[in-house]
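Me: I am a first-year student, and I would like a close look at one part of this model. Please take me through the places where protein and DNA meet.

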Number of protein chains: 2
Amino acid sequence: MRNRWLDAIVYVRNRQSMETTPQRISAAESEVMKVLWADSPKAAEDVLAILATNQGWAEGTVKTLLNRLLKKGAIAADKDGRRFLYRPLIGREDYVDAESQGLLDRLFDGRLAPLVSHFSKREKLNPEDVAELRRLLEKIDDDQ
Amino acid sequence: MRNRWLDAIVYVRNRQSMETTPQRISAAESEVMKVLWADSPKAAEDVLAILATNQGWAEGTVKTLLNRLLKKGAIAADKDGRRFLYRPLIGREDYVDAESQGLLDRLFDGRLAPLVSHFSKREKLNPEDVAELRRLLEKIDDDQ
DNA sequence: ACATTTCGTTTACATGCGTAATCGTTGGCT
DNA sequence: AGCCAACGATTACGCATGTAAACGAAATGT
């Protein structure tokens with residue numbers, strides 16, 4: 001059973017080879033994605049400015065990550081004069097969705113309630129959280 | 001800012017060096033942990049029997065993983081005649097907790113409600129899930 | 001025109017991980 | 001006593017990742 005990629009979360013197809021080559025977005029790469037999701041397109045310089053500050057990364061690091069994301073097809077680069085502007089190709093919602101579902105699948109039988117239950121048991125829910133969840137459920141009910 | 005291990009989920013201290021060396025439990029390793037959490041102590045043979053079936057792993061693979069977990073201090077091995085019996089040193093609850101919290105921190109500002117909200121927006125909540133969540137909230141309220 | 005700056009591209013390198021095979025030791029069988 | 005089987009320990013190896021530095025080409029300033 002090929003299960004090397006059971007944990008593959010967000011993946012893309014490599015379009016030069018027709019082979020299906022799922023590629024995860026790594027933790028470091030996802031920091032870059034976050035920056036682009038927050039506001040794009042952005043030049044490498046701007047991405048660097050943000051990540052240098054909030055992750056302490058050097059220029060080379062950010063460039064490598066941008067390139068790896070390009071190869072993985074997770075972002076695109078559009079020429080803008082002498083430089084490129086980068087923008088995400090995969091949506092943040094899809095990414096979040098896949099990551100979350102992956103965690104639920106691995107740890108909670110794919111369902112949300114057991115996760116909430118776990119948090120409750122571990123006393124990680126303060127009254128505000130509970131209130132917020134309650135409001136959410138009400139809204140969900142209203143909607144249908 | 002050293003943040004290489006921001007994502008470190010479950011970690012242990014290497015006791016020969018006093019250095020703090022956080023080590024994640026990898027995906028494959030966590031499969032071994034699952035087996036031991038389900039029932040322990042267990043001989044390598046028994047762990048293998050399970051993982052050979054449900055992951056398709058060869059003997060060498062399982063032994064490597066057991067050894068890596070030992071080195072990481074995530075499990076212990078107690079001599080039982082000529083063989084060893086393995087048992088977890090870190091609790092499943094702690095592991096699950098750290099993994100879950102890690103995801104929430106990375107994607108949902110550390111809070112649970114936004115995750116639930118995300119699932120709801122993505123229409124990943126069927127009525128049963130909603131009902132279950134509602135029951136949970138009631139129970140939580142009752143408890144305090 | 002030439003030197004310099006600025007980008008993107010290529011190369012680097014240690015460590016972790018998935019996935020085993022092989023080695024070595026020790027107890028048991030004949 | 002010697003051989004075999006069973007187990008743990010050691011070694012292997014390619015790919016991913018974190019973390020860059022070095023290289024090269026193009027644009028810019030002088």
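Reply: What follows starts with the protein, moves to each DNA strand in turn, and ends with a few residues of chain B.

Keep in mind that this is a predicted model.

**The protein chains**

Begin with chain A. It holds six helices and three strands. Read from the N terminus, its elements follow the order α-β-α-α-β-β-α-α-α. The chain has 144 residues, and 40% of them count as buried. Its exposed area is about 8500 Å². Carbon and sulfur atoms supply 48% of that area. Now consider the contacts in chain A between residues at least 6 apart in sequence. Of these, 49% join residues at least 24 apart.

Next, compare the two copies. Chain B superposes on chain A by a rotation of 179°, with 0.1 Å of shift along the axis. The RMSD is 0.2 Å. The two copies are thus related as by a two-fold rotation axis. Both copies also use the same surface: 100% of the contact residues of chain B recur in chain A.

**DNA strand D**

Which residues come nearest to DNA strand D? There are 21 residues around this strand, and the nearest are Ser26(A), Thr61(A), Thr64(A), Arg68(A) and Arg83(B). Both chains appear in that list.

Now look at the elements. In chain A, α1 (27–38) and α3 (59–71) each supply at least two residues of the surface near DNA strand D. In chain B, α3 (59–72) and β3 (83–88) each do so as well. The most comes from α3(A), which gives four residues. By class, this surface has seven nonpolar, five polar and nine charged residues.

Which parts of the DNA face the protein here? Take the atoms of DNA strand D within 4 Å of the protein. Sugar or phosphate accounts for 65% of them, and bases for the rest.

Three atom pairs show this in detail. Gly60(A) places a backbone N or O atom 3.4 Å from a base nitrogen of DNA strand D. Asn67(B) has a side-chain N or O atom 3.3 Å from a phosphate oxygen of the strand. Arg82(B) has a polar side-chain atom 3.5 Å from a sugar or linking oxygen of the strand.

**DNA strand C**

Turn to the other strand. DNA strand C is surrounded by 20 residues. The closest are Lys63(A), Arg83(A), Ser26(B), Thr64(B) and Arg68(B).

The elements here are α3 and β3 (83–88) of chain A, with α1 and α3 of chain B. Each supplies at least two residues of the surface near DNA strand C. The largest share, five residues, comes from α3(B). The residues of this surface divide into seven nonpolar, five polar and eight charged.

Of the atoms of DNA strand C within 4 Å of the protein, 59% belong to sugar or phosphate. The rest belong to bases.

Again, take three pairs. A polar side-chain atom of Arg83(A) is 2.8 Å from a phosphate oxygen of DNA strand C. Ser26(B) also points to phosphate: a polar atom of its side chain lies 2.7 Å from a phosphate oxygen of the strand. Arg68(B) meets a base instead, with a polar side-chain atom 2.9 Å from a base nitrogen of DNA strand C.

**A few residues of chain B**

Stay with chain B and look at Ile25(B). Its place is in the segment before α1. Is Ile25(B) buried or exposed? Its relative accessibility is 4%, so Ile25(B) counts as buried, the cut-off being under 20%. Ile25(B) and Arg68(B) are 43 residues apart along the chain, yet their C-alpha atoms are separated by 9.2 Å.

Ser30(B) sits in helix α1, residues 27–38 of chain B. This serine is buried too, with a relative accessible area of 8%. A polar atom of its side chain lies 2.8 Å from the backbone oxygen of Ala27(B). Beyond its neighbours within four places in sequence, Ser30(B) is in contact with Ile25(B) and Tyr95(B).

Finish with Leu70(B), in helix α3 of chain B. Leu70(B) is partly exposed, at 23% relative accessible area. Tyr86(B) is 16 residues away from Leu70(B) in sequence, and their C-alpha atoms are 9.1 Å apart in space.

Methods:
Residues numbered from 1 in each chain as written. Chains lettered and ligands numbered in written order. Predicted model: local features only at pLDDT ≥ 70, side-chain atom pairs only at ≥ 80, totals over all residues. Heavy atoms only, no water. Least-squares fit on C-alpha atoms with pLDDT ≥ 70 in both. Contact = heavy atoms within 4.5 Å. Buried < 20%, exposed > 50% of the residue type's maximum accessible area, 1.4 Å probe, protein only. Areas by Shrake-Rupley, 256 points an atom, 1.4 Å probe, with all protein chains shown as cover. Near = heavy atom within 4 Å. Polar contact = N/O pair within 3.5 Å; in protein donor to acceptor, adjacent residues only side chain to side chain. Nonpolar A, V, L, I, M, F, W, Y, C, P; charged D, E, K, R; others polar.
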